[in-house]
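Please open the structure in a viewer and follow the selections below in order. Each stop names what to select and then describes what is found there.

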Amino acid sequence: MCGITGYLSRDKFDIQLLKNMTDTLFHRGPDSSGYEMLKDGSEKWCVGFGHRRLSILDLSDKGHQPMTTSDGRLWITFNGEIYNFAEIKSDLLNRGYVFDSMTDTEVILYGYREYGDEIFSRMNGMFALAIWDTVNSELTIARDRFGQKPLFYYHDERNFAFSSELKAIQSLDHLDFSIDINSIAQYFLFEYLPAPMTVYKSIHKLEQGHVLKWRDNKINIDRFWDVSFDKHDSAGISELEAEEKVIELLKESVKKRMLSDVPLGVFLSGGIDSSALVSLMSEIVPSRNIKTFSIGFKEASFDETTYADQVARLYRTDHHHKILSADKMLSILPDLLNKLDEPFADSSIIPTYLLSEFTREHVTVALGGDGGDELFAGYDPFLAHRFAEMYQLMPEAMHKFLYNFIIKKLPVSSKNLSFDFKLKQFSKGLYSDSVIRNQKWLGAFTDSELKGLFTSGAEESIDFTQPYSQVLQHKAQLGDKSFWNNLLYQYQKLYLADDILVKIDRASMMHSLEARSPFLDHELAEFVNSLPFNFKMRRLTRKYVLKKSLESRLPENILYRKKKGFGIPLTAWIKDKLNDEISSTILDDSLYKSGIFNRKHVKQLFDDHIKGKVDNRKKLWAFYVFAKVMGGRL
C-alpha cells in the first residue's frame with residue numbers, strides 16, 4: 001500500500017520538485033521512497049514518477065518503486081494489492097518471463113507488456129497505478145473496479161499530473177487551481193464530491209474501473225469494468241445454493257486478503273459484515289491469532305461495543321476496543337481536518353480515524369466489512385422505499401396533514417437515527433424520481449434547500465437545472481428498468497466509491513494502515529449482483545441471503561438486530577462540546593469575503609439547531625468541514 005505521483009510537462013523541472021510532490025504522501029508510505037526522471041522517446045516532455053512505500057509483501061529492496069522492466073522500456077508506480085498475482089505470474093513464467101522479486105508490482109509490469117490493457121481485467125484486487133512507455137511516449141493510468149484506491153489527475157495545455165491525493169498535485173503551485181463552484185454545490189447535495197469531480201476545475205478523479213491514456217497531451221478514457229446485474233452467474237439457482245455460494249466466495253476472498261508479510265487484524269463493529277469476516281477467518285487460522293479492533297461511544301444509542309465484545313468472546317479473538325468521547329473527538333479534529341485536502345462530510349470518518357490509529361499500534365493490515373450493505377441491500381433507505389410506495393397511495397391532503405401536524409411537530413432527539421429524524425428525512429423528496437429521492441434522504445441539503453445557502457451572485461454561476469446529474473447519469477448507464485437494481489447501482493457507483501471507500505482509505509492511510517475489503521472481491525460482487533433482489537431483501541428483512549448463510553456461525557441477536565451504522569452523536573455535541581468551535585468557524589467573516597455563501601442563512605441554520613427547532617446536524621457539519629478544509633482557498 002503506497003502513495004503514487006507523476007508529472008509530465010513541456011517545461012523543464014528537476015527531481016527536487018518531484019521529490020517535494022511525492023513526500024506530501026509520506027503518511028501513505030513511510031517505509032521508503034523513490035523518484036525517477038523518465039525518458040521520453042518524443043523528446044517533447046519532461047516526465048517524472050514518484051512513490052512512497054508501505055511494505056506489505058516482499059519486504060526486501062527488490063520491491064522498490066518506481067520499477068522498470070529489464071530493458072528499461074516500461075516504468076510503473078503502483079498503489080494497491082493484487083490478490084491473484086501468483087496466478088498471473090505463473091502464466092507469465094510459462095511464457096518465458098523472468099522475475100527479480102516476489103512483488104505483485106513486477107507482475108503487473110510484465111503483465112502489461114504481455115496483455116496490454118487486458119491486465120486490468122485479469123487482476124483481482126485494489127489498485128491505482130501509472131505505467132510509462134518510454135518508446136511510445138504513452139502514459140497509462142488505471143483505477144480498480146470499485147475505486148478502493150484513489151487517483152487524481154490534472155490536465156492543461158502544458159502539464160499533466162497525477163497522484164493518490166490532491167495535496168501532491170497542489171504542491172505544484174505554478175498550476176491553475178481555480179475553484180469550481182458547481183462542484184461546491186454538488187458537495188452540499190452529496191456530502192462528498194462524486195467522481196470525476198473535485199473542487200478544482202482542472203483536477204479530476206479517475207472514475208473506478210476506468211483506464212486513462214495520455215499521449216502528446218491528448219487524453220482518452222475508457223471503462224474496463226462496470227457493475228452489472230446479468231443473471232448468467234445465478235440462473236435457476238435455489239436459495240440454499242445461493243447461501244452456500246455466498247459463503248464459499250466470501251471465505252475465499254477472506255483467505256486471499258489474509259496474505260501478508262506483516263501483522264494483520266480485522267475491524268470488528270459487531271455488525272453482520274465484520275462478524276462474518278471474523279467467523280470465516282477462524283476457519284482459516286486459529287482464532288486466538290486473530291486480532292480484532294472496535295470503537296465505541298459513551299452515548300448508548302450510538303455504542304455497539306457489547307456486540308463486538310460478544311463476537312470476540314464467541315471466537316476467542318485477541319480483542320481491543322476504545323471509547324470515543326466528545327473531548328477525544330475534539331482533540332483529533334485539527335489533525336484529521338488538516339489532512340483532508342477536499343471537503344468530506346461523512347462524520348463517521350472520525351471514529352474510523354481513531355479506530356485506524358490504535359489498530360496501527362498492533363498491526364499493519366486490517367480487514368473490514370465495507371461493501372456488504374451495498375451488495376446485499378443493507379441500508380435503512382431500502383426499507384424506506386417500500387414505505388414510500390405505500391405512502392404515495394394516500395391522498396395528497398393526508399400527506400400534508402401528516403407532515404404539518406405530526407412529523408413537523410415531533411420534538412428533536414439527539415439519539416442515533418431517532419424516530420423524528422427518520423420521519424423528517426423520509427418526508428424529503430417523496431415525489432422525486434425514485435433514485436433522486438434516495439439521494440435526498442442521504443444528502444445534507446436537498447436541491448431546494450441548497451439555494452438559500454448561496455448568495456444571489458453565486459447562484460448565477462451554479463447550474464441548478466440538473467442538480468442530481470450524477471445520479472441520473474448512472475441510472476442511464478445501467479439502463480435497467482428494475483428500480484431495485486438501479487438503487488443498488490447508485491449505492492455501488494456513488495455512495496460506496498465516493499463516500500465509504502474514501503472514508504476508509506483516508507482514515508487508514510493517515511496512520512499508514514492498509515485496509516482490505518473482502519466483500520469487494522469482484523467475483524463475489526458479480527455473483528451477488530446476479531441474484532434476484534428478493535434474495536437480498538425479503539419483505540422487510542435486508543441482507544436476507546447473507547443472514548441465512550451465517551445462521552450456523554453467528555447468534556441471532558447479531559444477525560437480526562437493528563442496524564446502527566457508524567455515526568457519532570453530532571446533534572448533541574454541536575449544542576454542547578462543539579458549539580463554540582463550529583459557530584466560530586462557520587460564522588467567521590473571512591469565509592464570506594468571496595461572496596459565495598449567505599451568512600444570514602448559515603446563522604439561521606445554526607440558531608435553529610441550538611434552540612432545538614430543527615436537527616440541522618448534517619447541514620452544519622457539511623458546512624463546518626467545508627469551512628475548515630477550504631476556507632483559506634476561496
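Begin by selecting strand β13, residues 264-267, in this predicted model. Both of its faces are covered: Leu264 and Val266 are buried on one side, and Gly265 and Phe267 are buried on the other.

**The neighbours of β13**

Add strand β16, residues 365-367, which runs parallel to β13 and is joined to it by three bridges. Within this pair, glycine 265 has alanine 366 of β16 as its bridge partner. Next add β14, which is likewise parallel to β13 and joined to it by three bridges. Here valine 266 stands opposite threonine 292 of β14.

**The five-stranded sheet**

Now extend the selection to the whole sheet. It is an open sheet of five strands with parallel pairing, and the order is β15-β14-β13-β16-β17. Which strands stand at the edges? They are β15 (318-324) and β17 (514-516); each has a single partner strand, so one side of each has no neighbour in the sheet. From one strand to the next, the twist averages 30°.

Focus on strand β14, residues 291-297, and its partner β15: the two run parallel and are joined by seven bridges. Lysine 291 can be found opposite aspartate 318 of β15.

**Arginine 288 and the loop before β14**

Select arginine 288, located in the loop between α8 and β14. Is this residue buried or exposed? Its relative accessibility is 63%, and residues over 50% count as exposed, so arginine 288 belongs to the exposed class. Leaving out residues up to four places away in sequence, arginine 288 touches Arg316 and Asp318. Although arginine 288 and arginine 316 are 28 residues apart along the chain, their C-alpha atoms are separated by 5.9 Å.

Move to the other end of this loop and select helix α8, residues 272-281. How many of its residues are buried? The count is 10 of 10. The buried set includes the polar residues Asp273, Ser274, Ser275 and Ser279, together with Ile272 and Met281.

**The hairpin of β11 and β12**

Select strand β11 (residues 210-215) and strand β12 (residues 218-223), which pair in the antiparallel sense over six bridges. Tryptophan 214 faces isoleucine 219 of β12 across the pair. Two residues lie between the strands of this hairpin, and aspartate 216 takes a positive phi near 50°.

**The six-stranded sheet**

Turn to the open sheet of six strands, in which the pairing is antiparallel and the order is β2-β3-β1-β9-β8-β10. Its edge strands are β2 (32-38) and β10 (203-205), each of which pairs on one side only. Neighbouring strands in this sheet are turned by 10° against each other on average, with direction ignored.

At the β2 edge, select β2 with strand β3 (residues 46-53); this antiparallel pair has seven bridges. Methionine 37 has glycine 48 of β3 as its bridge partner. Then display helix α1, residues 15-23, which packs on the sheet and touches β1 (2-9), β2, β3 and β9 (159-163). The direction of α1 makes about 140° with that of β2.

**The nonpolar cores**

As a general background, nonpolar side chains in soluble globular proteins tend to be buried together. The largest nonpolar core here has 180 residues, and the members that touch the most others are Phe120, Phe188, Ile350, Phe382, Phe454, Phe597 and Trp621. Helix α20 (residues 483-509) gives the largest share of this core, 14 residues. Another core, of 19 residues, lies apart from it and includes Ile4, Trp45, Val47 and Tyr153.

Select tryptophan 621 to view one of these members. Neighbours within four places in sequence aside, tryptophan 621 is in contact with Leu333, Ala345, Ser347, Ile350, Leu570, Leu578 and Ile582.

**The whole chain**

Finally, display the entire chain, which contains 28 helices and 19 strands. The radius of gyration is 24 Å, close to the 26 Å that the globule rule gives for 634 residues, so the chain is as compact as a globular protein of that length. The C-alpha trace spans about 75 × 60 × 45 Å along its principal axes. Of the 634 residues, 62% count as buried. Carbon and sulfur atoms account for 49% of the accessible surface, which comes to about 24,000 Å².

Methods
Residues numbered from 1 in each chain as written. Predicted model: local features only at pLDDT ≥ 70, side-chain atom pairs only at ≥ 80, totals over all residues. Heavy atoms only, no water. Core = buried A, V, L, I, M, F, W, Y, C linked by side-chain atoms within 4.5 Å. Buried < 20%, exposed > 50% of the residue type's maximum accessible area, 1.4 Å probe, protein only. Helix = DSSP H or I, 4+ residues; strand = E, 2+ residues; numbered from the N terminus. Contact = heavy atoms within 4.5 Å. Pairing = 2+ DSSP bridges. Axes fitted to C-alpha atoms, helices over the stretch in contact; angles between N-to-C directions. Rg over C-alpha atoms; globule rule 2.2 N^0.38 Å. Areas by Shrake-Rupley, 256 points an atom, 1.4 Å probe, with all protein chains shown as cover.
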